[in-house]
Amino acid sequence: MSTATNSSFRPPAKAKPAVSAAPIAENRRARYDYFIEERHEAGIVLEGWEVKSIRAGQVQLTDGYVMIKGGEMYLIGCRINPLRNASTHISPLADRIKKLLLKGEDIRRLIGKIEQKGFTLVPLNLHFKGSYVKVEIGLAKGKAEHDKRNTEKKRDWEKEKGQLMRHAANSKS
């Protein structure tokens with residue numbers, strides 16, 4: 001066989017898992033209550049029924065926080081509601097404590113920052129990366145009440161500015 005015909009042969013492309021850019025669940029309250037200094041992506045240990053419920057959008061992060069115990073990180077307060085059609089041989093717990101998967105050196109660095117500088121760890125969002133569920137956690141420092149008011153003023157001004165710009169553009173036409 002000649003090499004000219006074989007050189008154009010390519011093996012079929014492997015099917016890539018769908019990567020979703022949009023978060024499954026978001027903790028918007030965290031951005032309002034805290035200054036987010038750093039963001040980290042961590043894996044999360046889930047049971048099969050939890051993954052099915054997450055795919056169905058039955059997850060809530062609003063009251064969640066991250067606790068470090070024994071050199072490991074755990075997500076507490078993340079509510080995953082079980083589906084009605086889940087298996088009957090299991091008894092799902094909606095508020096189960098979930099272990100987070102992060103490199104040891106990253107965990108040690110985060111522990112140091114939390115102990116020294118008064119930071120806390122909060123979950124920001126849950127998203128898919130390939131076929132895995134990942135949680136984005138933020139190293140955060142609490143906002144004072146006046147900082148929250150400034151955030152609201154800034155957000156309202158941006159909204160009003162956008163409306164004024166649209167109105168000015170429409171009036172020119």
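The following paragraphs describe the nonpolar core, the salt bridges and the surroundings of one buried asparagine in a predicted model. Local features require pLDDT of at least 70 and side-chain atom pairs pLDDT 80 or more, whereas totals for chains, interfaces and linings use all residues. Residues are numbered from 1 along each chain as its sequence is written, and side-chain values use heavy atoms, with hydrogens and water left out.

The largest nonpolar core (buried Ala, Val, Leu, Ile, Met, Phe, Trp, Tyr and Cys residues joined through side-chain atoms within 4.5 Å) comprises 24 residues, with Met73, Leu100 and Leu126 making the most contacts inside it. Strand E9 (132–142) is among the elements that give two or more residues to this core, and E9 supplies its largest share, four residues; helices (H or I, at least four residues) and strands (E, at least two) are DSSP runs numbered from the N terminus.

Of the eight salt bridges (a side-chain nitrogen of Lys or Arg within 4 Å of a carboxyl oxygen of Asp or Glu) in the structure, one joins Glu38 to Lys113, with the closest N and O atoms 2.2 Å apart. This pair links strand E2 to helix H4 across 75 residues, and both Glu38 and Lys113 are buried (under 20% relative accessible area; exposed is over 50%, partly exposed in between; 1.4 Å probe, protein chains only). Another salt bridge connects Glu136 and Arg39 (3.5 Å, N to O).

Asn125, in strand E8 (residues 120–129), counts as buried because its relative accessibility is 8%. Beyond four places in sequence, Asn125 touches residues including Pro23, Leu61 and Glu136, where contact means heavy atoms within 4.5 Å.
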